[in-house]
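User: I'd like to go through this model with you before I plan anything at the bench. Can we start with how you sort residues by burial?

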Amino acid sequence: MPVFRPTRKRLPGSPRLGDTPRAITRRALSSALASARSAYPNEFGGVLRADPPGVISELLLVPGTTAGRRHANFQLYMLPADLTVVGTIHSHPSGALHPSDADLRLFRSWGRRHIIVGTPFGPGSWRAYDGNGEETRLEVHETAAASEPREKLPEYRPKAVHRPLPSDTADFPEDEA
Ligand code: ZN
């Protein structure tokens with residue numbers, strides 16, 4: 001008997017598994033900020049998942065990650081061999097949003113995008129970094145759809161619709177009988 005498998009359709013040009021994510025969902029970002037707030041004054045640490053590829057949509061707590069007063073220690077060997085895992089996120093109770101020397105070593109060893117959140121854990125209390133520790137841009141999307149348009153498409157206006165002007169409203173041919 002033939003087996004029918006549902007295939008996930010990919011739009012041409014849409015991100016592939018393993019691509020560098022360009023965005024994070026507002027939900028994932030808010031949940032990270034909330035977790036960091038509740039871990040305060042300790043650090044919070046987790047890893048970022050992008051599924052579908054291209055948009056970070058989920059946080060995973062790494063088993064064995066210890067939230068210390070000074071630094072979250074990532075046990076990267078505990079990470080699943082999973083290409084949807086694209087980087088790390090952790091908090092700085094000090095409020096500093098730049099990476100420490102230890103952070104730079106972590107960023108350079110593994111991952112494509114890393115996020116640091118800091119006190120007061122407001123909507124703008126975060127920065128994203130690439131694998132070299134350089135600050136980078138990450139868009140905030142309302143949904144996990146990788147195809148969320150960057151800019152709004154021009155509104156479609158059909159041209160054939162007759163829009164009567166005030167002067168010709170009383171001028172219909174059937175009234176001339
Ligand atoms: Zn740090």
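Analyst: A residue is called exposed if 12 or fewer other C-beta atoms lie within 10 Å of its own, and buried if 20 or more do. Please keep in mind that this is a predicted model.

User: OK, which residues of α2 are exposed?

Analyst: D101, A102, R105 and S109 are exposed, and they sit on the other side of α2 from the buried residues D103, L106 and F107.

User: Why do you say the buried ones line one face of the helix?

Analyst: Seen down the axis of α2, the buried residues fall within an arc of 95°, so they line one face of the helix.

User: And what do they pack against?

Analyst: The buried residues of α2 pack against three strands, namely β6 (85-92), β7 (113-118) and β8 (126-129).

User: Switching to the core: which residues touch the most other members?

Analyst: In the largest nonpolar core, which has 26 residues, these are A32, L48, I56, I115 and V117. Helix α1 gives the most to this core, with five residues.

User: What does I115 contact, leaving aside its neighbours within four places in sequence?

Analyst: With those set aside, I115 is in contact with L48, I89, W126 and A128.

User: One more, P52: where does it lie, and is it buried, exposed or partly exposed?

Analyst: P52 lies in the loop between β2 (45-50) and β3 (55-60), and because it has 18 C-beta neighbours inside 10 Å, it counts as partly exposed. Its C-alpha is 9.7 Å from that of P21, although the two are 31 residues apart in sequence.

How values were computed:
Residues numbered from 1 in each chain as written. Predicted model: local features only at pLDDT ≥ 70, side-chain atom pairs only at ≥ 80, totals over all residues. Helix = DSSP H or I, 4+ residues; strand = E, 2+ residues; numbered from the N terminus. Arc of directions from axis to C-beta. Contact = placed C-beta atoms within 7 Å. Core = buried A, V, L, I, M, F, W, Y, C linked by C-beta atoms within 7 Å.
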